[in-house]
Amino acid sequence: PYKGKKLNIALCGLGNYASLLAEGLQVSEYCQLAGIVTGTPSKAETWKNKYNIQEKNIYNYENFDSIVKNKDIDLVYVVTPNSLHKEFTVRAAKAGKHVIVEKPMAITAEDCEEMIKTCNDNNVQLAMGYRLHYEPNHLEIKRLGQQKVLGQVRYIETGLGYSTYDIHDVNKPVDLNARNEWRLTKKFAGGGALINLGVYCIQVSRYVLGEEPIAVTAQFGTINNKNRFAQVEENITWQMEFPSGAVANCSSSYGFGIDRFHAAADEGFFEMSPAVSYGPFVGKRSDGKLFNFPVINQQQTQMDEICKVILANQKLPNHITGEEGIKDVRIINAIYKAAETGKKVSL
Ligand code: NDP
């Protein structure tokens, strides 16, 4: 019934990741870029010309709520700094628009609850921007883990980190109030490497095991750049315990590069590196089998898979909705509590 029909998406917050999403939307089958919401007038002009966006589909943060009257926008994709996800999700839902929200869903579980409730109350669907849920290598490790293809997974090691500054330049002053440094502030980011990058390690551990962690321990790591990391962590390691007895040992960093996943199971192992970035991913199993999956456009695939379901008037599966996002936010905050107190925190 929806053959040839595309959902009209408005991107909200035109930063780096919104540009990648816009590229994905150029090749999408079930959705297209129809509108933008931006606080920067010069971007409105550039995007309008680059993507042929109609004037009536361009909003700023003040007049955004009037999108309720715009029948040509079906869905708002929120790609702002983390702590603003709640505000824009709530406003979009109240305007009757479906929402996709980037990771992390929000910075507190209370914000996530309000987002879920507002979407339910307004009969719109809320999807998480988890790009790896549709990626073939990730579907494979989920299968290997959950179907115990190499036996029960006992231990996972996974990490995601990037170097975000020049190590020879650690004394360079930083303006934490600058708009493009929001990741370095508690107020906008909610935390550092863990909430922004570590969320993928939590995700992959959860879906490979098919279990929810019951307790966490954590350690903040070295701060090599005290100017940049005055409010949020540069490095963190943490451990998650699962009901089966499996343990995941994870790390994330804004100081060094790491991008890997390893699962030790009773009859062997499977691993990937690169594993949780944009790829391309390289994976193998202890029995010699190499992963051999096509490289996909992660953004396009994610948006198409979500929009296909919405176009068919079906309910999105729980593992890609706000019900999934809030789980990760609860785990992240438990990890921060464990790192701050030095004690094991139960979930
Ligand atoms: P950017 O800083 O590049 O862009 C954020 C945009 O949000 C800004 O350009 C701005 O757009 C808008 N914005 C609104 N209010 C503010 C404010 N007070 N301060 C700063 N910016 C503001 O960040 P990213 O695009 O890298 O990240 C955005 C979101 O996407 C984050 O939640 C991040 O976690 C997520 N992300 C997800 C990735 C993934 O792989 N799924 C990868 C990278 C990021 P404008 O000028 O139009 O108002």
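In this predicted model, the loop between α4 (109–121) and β6 (126–128) contains N123. The backbone of N123 has a positive phi of about 55°, although N123 is not a glycine. Most residues other than glycine have a negative phi, and most peptide bonds are trans.

Two prolines depart from the second of these trends. The peptide bond from S273 to P274 is cis, with omega near -5°, and the bond from G279 to P280 is also cis, with omega near 0°. P274 belongs to the loop between β12 (268–272) and β13 (283–285), and P280 is likewise placed in the loop between β12 and β13.

The ligand is the next topic. The largest pocket holds the ligand. Two elements give two or more residues to the shell around the ligand, namely α1 (16–26) and α7 (193–209). At the level of domains, at least three shell residues come from each of domain 1 (7–131) and domain 2 (136–295 + 317–346). By class, the shell is made up of eleven nonpolar, eleven polar and six charged residues.

Among the 28 residues around the ligand, those that come nearest are T38, T40, K43, Y61 and R131. For two of these, a side-chain contact can be given: a polar side-chain atom of Y61 is 2.5 Å from an oxygen atom of the ligand, and a polar side-chain atom of K43 is 2.6 Å from an oxygen atom of the ligand. G39 uses its backbone instead, with an N or O atom 2.8 Å from an oxygen atom of the ligand. On its own the ligand has 890 Å² of accessible area, of which the protein covers 90%.

Methods. Residues numbered from 1 in each chain as written. Predicted model: local features only at pLDDT ≥ 70, side-chain atom pairs only at ≥ 80, totals over all residues. Heavy atoms only, no water. Near = heavy atom within 4 Å. Polar contact = N/O pair within 3.5 Å; in protein donor to acceptor, adjacent residues only side chain to side chain. Areas by Shrake-Rupley, 256 points an atom, 1.4 Å probe, with all protein chains shown as cover. 1 Å grid on protein atoms, 1.4 Å probe; cavity = no way out; pocket = protein on both sides within 12 Å on 5 of 7 lines; lining within 4 Å. Sits in = over half its atoms within 2 Å of the grid points. Helix = DSSP H or I, 4+ residues; strand = E, 2+ residues; numbered from the N terminus. Nonpolar A, V, L, I, M, F, W, Y, C, P; charged D, E, K, R; others polar. Domains from an automatic or database assignment.
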